[in-house]
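Visitor: Before we start, I would like each label justified by its value and its cut-off.
Guide: Then look at the model, and ask about the labels one by one.

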Amino acid sequence: MPTPKTLAPRAAVGTASSRGARPRRRGRRPHWVFALPAAVFLAAFSLYPLVQLVRMSFSAVTSGTLNQAWQSVGLDNYLRATESGEMQAALMRTAAFVVVVTLSGMILGIAGAIALRTRGRWSSIVLAVMVFCWALPPVVNGSVWKFLLAKDGLVNSIALGLGLTDTAYPFLYDQTWALMSVAFVCSWAVIPFNVLVFRAALMQIDQEQFEAAALDGANRWQEVRHVMLPAVRPTTLVLLILTVVYGFRSFDYIYVMTYGGPGTATNTLPFLGFLQAFQRYDYGLGAATSVIAVALVLVLAAVYARSILKEEKE
Amino acid sequence: MNTRTGPVTGIVKAPLTLLYGLPLIWIVLTSFKPSSEVFGAAFSFTPTVAAYSDAMGPALWTALRQSLTIAVGTTVLVLLFAVPAAYGLAHIKGWIASLGLGLLIVFQMAPQTANIIPLFQIFGSWRLLDTVVGVIVADTALLIPFAVMLLRPFFRAVPPALEEAAQIDGASMPRTFFSVVMPLARNGVFTVGTLVFLLAWGEFLYAVNFFLSPGTYPLSALLSQQVSAFGINWPGLMALAVLTSVPILIVYSLSYKSLRDGLAVGAVK
């Protein structure tokens, strides 16, 4: 009786193989069970809050009525947010902020990766220091940059010492400077990560490709243009989305360095929503602003999801 | 890989060295300066530990304990949820997997400033405001999506043949997971655990708003309040920044290699 004998161990495996005598080699085990606890947790603490946020954006909610039944006001919050012009101004600021963070993050990311891919003590130390800065809490980095960019801070002392300017630059005290200063610090914080990702892609290049390029008489710049840039291209789209999202969501450097000011100069869309809710106690208005912010993120999320799924199918 | 150095790379390396080296040096230097000489000469000053001795009091130890509780609690919870979830999600296919992935990306990308508005209301009605548990739960919800997305490629890299072999040998699903899959994905779990700890240590928005009084703030929240105050005491602030960073330095030096090499794998694949 050879058949039962061979079946016995398979039966012991459990429900997955009990459906048929055919050995299930493709592993049709109920793997989704493993994802269940996380799914329940996120349903309660991520999905439900988002639903509440949307509900809140259609209701009049202040600190007094926060935990009572909310009175529905239709589109009133959205109308108030746009009629005051606050939302449009915040959108423009967010766009400028994201463009600066993304451009400098991507360009210095690839430049840094090309420079730091080299072996040698200097490269490894700089890379290690950069990753450490990236690992530090944003409050720490924000504090030191606020100090460095202060009126009497290091950057201004150097600029004055070199004779670049007669008066200190108002890095954090001027309407236009402030947004750009915070964007600069924000890109400073994301560059190490981008360097690591680009560097990993550069490390995958075959030595032979460089040798072939050298045989063809390629100079340094051609080596970058024809060997390195093509090698990082697949990584670039995903990293681009991640950098855009990073710049868009960023609030910690704004909170620490300017708290949205001076005036409203550094109120980006996500930060404006926060201030409306927790400073003005107008939770309905803050929720409406935040819903718009989440909606903008949805577009990026869709592009990101598509590029991940596409890459995995290949 | 071509690893020759050249003068061209120096043009990039020199500014990077300054841009990342100087802030670190300045935090430490300033923390040893007397208040009167904060904006004075860079290196010639009378070093003092006054800022540190002022900072070290019962309040600092409370904050340190809060930081540790939050960071460790969040790391443990996130790994407990995210490791099995990443394993499961790496194996299932079809629309459920796509939906799960899509939702995770949305949760990961939604601004934290948007999450905090409904969470504040929900925690208010569930009596989780002003509790460490509330902050840990909020941080965990914030970081699970990120952890799952980073871990998934590590589980996808485990050859299916290995799992099938274990299955044919009669190993149960939990057994396969713990003795076949986990050892192979260990590096990924270590990297992600480190990252979650670093992020939870630095998180301050939830802490500042969910704790109702500064007496129970963790270090990051304390720092965020001092830096946005008027008339900043810079040496004191920098001393607090150094003290907040010491645990990060420890974790970083234990995990630098895995962060350097593991981050890129999980982030982009």
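Guide: The expected span of a helix is 1.5 Å times one less than its number of residues. Keep in mind that this model is predicted.

Visitor: How do you know that helix α8 of chain B is not straight?
Guide: A straight helix of 30 residues would span 44 Å, whereas α8(B), residues 173-202, spans only 37 Å between its end C-alpha atoms. The helix bends by about 60° at M182(B), and a proline, P183(B), follows within four residues.

Visitor: Why are α4(A) and α14(A) called roughly perpendicular?
Guide: Their axes cross at roughly 75° and come within 9 Å. Angles of 65 to 115 degrees count as roughly perpendicular, so α4(A) and α14(A) get that name.

Visitor: What makes the contact between these two helices?
Guide: N77(A), Y78(A), R80(A) and A81(A) of α4(A) meet G284(A), L285(A), A287(A), A288(A) and T289(A) of α14(A). By class, this contact has five nonpolar, three polar and one charged residues.

Visitor: Why are α10(A) and α11(A) called oblique?
Guide: They pack at an angle of about 140°, with their axes 11 Å apart. Roughly antiparallel needs an angle over 145 degrees, and roughly perpendicular covers 65 to 115; α10(A) and α11(A) are therefore oblique to each other. Their crossing is right-handed.

Visitor: Which residues of α10(A) and α11(A) meet?
Guide: Q209(A), F210(A) and A213(A) in α10(A) meet E223(A), H226(A) and V227(A) in α11(A). These divide into three nonpolar, two polar and one charged.

How values were computed: Residues are numbered from 1 along each chain as its sequence is written. Chains are lettered from A and ligands numbered from 1 in the order in which they are written. This is a predicted model: local features need pLDDT of at least 70, side-chain atom pairs count only at pLDDT 80 or more; totals for chains, interfaces and linings use all residues. The bend at a residue is the angle between axes fitted to the seven residues ending there and the seven starting there. Axes are lines fitted to C-alpha atoms, for helices over the stretch in contact, and angles run from 0 to 180 degrees between N-to-C directions. Angles under 35 degrees count as roughly parallel, over 145 as roughly antiparallel, 65 to 115 as roughly perpendicular and the rest as oblique. A crossing is left-handed if the near helix is turned anticlockwise from the far one by less than a right angle, and right-handed if clockwise. Two residues are in contact if their C-beta atoms, placed from the backbone, lie within 7 Å. Ala, Val, Leu, Ile, Met, Phe, Trp, Tyr, Cys and Pro count as nonpolar, Asp, Glu, Lys and Arg as charged, and the others, Gly among them, as polar.
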